[in-house]
Amino acid sequence: VVGFALQYRIGQLYMISKHSHEQSDRGEGVEVVQNEPFEDPNHGNGQLTEKRVYLNSKLPSWARAVVPKIFYVTEKAWNYYPYTITEYTCSFLPKFSIHIETKYEDNKGSNDSIFDKEAKDLEREVCFIDIASDEIPERYYKESEDPKYFKSQKTGRGQLKEGWRETHQPIMCSYKLVTVKFEVWGLQTRVEQFVHKVVRDILLIGHRQAFAWVDEWYDMTMDEVREFERATQEATNKKIGIFPPAISISNISMPSSTRSAPSSAPSTPLSTDAPDFLTVPKDRPRKKSAPETLTLPDPSK
């Protein structure tokens, strides 16, 4: 079990770095601001990572007209594997945040009480993610990354057929407690539901890739994957070519009720599709800022 847990951790770190690099381009993508060891009095030694996910060109045209030119989502993660915490905030929406707690166990998702000590007063919806059977957005689909068809040359794992969770070994589960807050009256429920859908897609795509890339990371040690992470992050930052912001943006701290711990969600840009309720009608009348003609008073009168 310990050996497979280490495999999972290495595969996860490899996937996050490679995925971020693939999704980045000049001015867009994932910039690593901080990645260094961190010690917590309760959770012990871990890794603190801060990233900025730049999204401007990913947004629909109507949104680009109202957001700052330099628009990004900040991800801060505290990884004390097998317990992690990830927090997301937005550079111009101080009332928006995502908090994800993650715990890993060597089972097939059968522990229904793993988060019973946390946030008992919150309403929860349990969502199972099957990396082989669940559908992903069509634009992200690659047959080479489909667990139903992929078979590892080094490990013999795959192809994952119907009911694979009941028979496949080794197996472990990533449990995530996701809290989304958007404290804007009238939009809160819809935006939070939309973000939960986006987070689910990100987790599904990332874990499918980690499984399908197993032959690339299987022989790596932890030191080797950390070096791969460092080199890839450096290359990704250069690939993005971040420009200095044209406006001043202050950091918004998380609510005091936020719990301390790390996370593992992939740094994947949020969905490019705007929810229907935010769409601006095309036939909206345009206001005039001044009359079409201007008559000046006659000085002689």
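Q: How many residues lie between β4 and β5 in their hairpin?
A: Two residues separate β4 and β5 in this hairpin. Strands here are DSSP runs of E with at least two residues, helices are runs of H or I with at least four, and both are numbered from the N terminus. This is a predicted model, in which local features need pLDDT of at least 70, side-chain atom pairs count only at pLDDT 80 or more, and totals for chains, interfaces and linings use all residues. Residues are numbered from 1 along each chain as its sequence is written, and side-chain values use heavy atoms, with hydrogens and water left out.

Q: In which sense do β4 and β5 pair, and over how many bridges?
A: Two strands pair if DSSP finds at least two bridges between them. Strand β4 (residues 83–90) and strand β5 (residues 93–105) are antiparallel and share eight bridges. To place one of the pairs by eye, start at Tyr83, whose bridge partner in β5 is Lys103.

Q: Which strand does β5 join through 10 bridges?
A: That strand is β6 (residues 173–182), which runs antiparallel to β5. Here Glu105 has Cys173 of β6 as its bridge partner.

Q: In what order do the strands of the sheet stand?
A: Six strands make up an open sheet, and reading across it gives β1-β2-β3-β4-β5-β6, with antiparallel pairing. β1 and β6 are the edge strands; each has a single partner strand, so one side of each has no neighbour in the sheet. On average, neighbouring strands are turned by 15 degrees against each other, direction ignored. At the β1 edge, β1 pairs with strand β2 (residues 44–54) over 11 bridges in the antiparallel sense. Within this pair, Phe38 stands opposite Gly46 of β2.

Q: Which helix packs on the sheet at β5 and β6?
A: Contact means heavy atoms within 4.5 Å. Angles run from 0 to 180 degrees between N-to-C directions, and the axes are lines fitted to C-alpha atoms, for helices over the stretch in contact. Helix α4 (residues 188–212) touches β5 and β6, and its direction makes about 155 degrees with that of β6. A second helix, α6, lies across β1 and β2 and runs at about 145 degrees to β1.

Q: What span should the 19 residues of α6 have?
A: The expected span is 1.5 Å times one less than the number of residues in the helix. For α6 this gives 27 Å, and the end C-alpha atoms are 27 Å apart, which agrees.

Q: Which residues of α6 are buried?
A: Buried means under 20% relative accessible area, exposed means over 50%, and partly exposed is in between (1.4 Å probe, protein chains only). In α6 the buried residues are Val225, Glu229, Thr232, Gln233, Thr236 and Ile240. They cover an arc of only 110 degrees around the axis (taken from the directions from the helix axis to the C-beta atoms), so they are on the same side of α6. On the face turned away from that buried side are the exposed residues Asp223 and Lys238.

Q: How many salt bridges does the whole structure hold?
A: A salt bridge is a side-chain nitrogen of Lys or Arg within 4 Å of a carboxyl oxygen of Asp or Glu. A search of the whole structure finds 12. One of them joins Glu145 and Lys142, at 3.9 Å from N to O. Glu145 is buried, at 7% relative accessibility, whereas Lys142 is partly exposed, at 41%.

Q: Why might salt-bridge partners in a helix sit three or four places apart?
A: An α-helix has 3.6 residues a turn, so residues three or four places apart point the same way. Glu229 and Arg226, both in helix α6 (residues 222–240), are three residues apart, about one turn. Their side chains meet in a salt bridge of 2.8 Å, N to O. Glu229 is buried with a relative accessible area of 8%, while Arg226 is partly exposed at 21%.

Q: What links Glu227, Arg230, Glu234 and Lys238?
A: A network of salt bridges links these four residues. Within it, Glu227 forms a salt bridge with Arg230, their closest N and O atoms being 2.6 Å apart. These two are also three residues apart in α6, about one helical turn. Both are partly exposed, Glu227 at 41% relative accessibility and Arg230 at 43%.

Q: Where does Gln23 lie?
A: Gln23 is in the loop between α1 (2–22) and β1 (29–40), and is partly exposed at 24%. From Thr236 it is 213 residues away in sequence, but 9.3 Å away in space, C-alpha to C-alpha.
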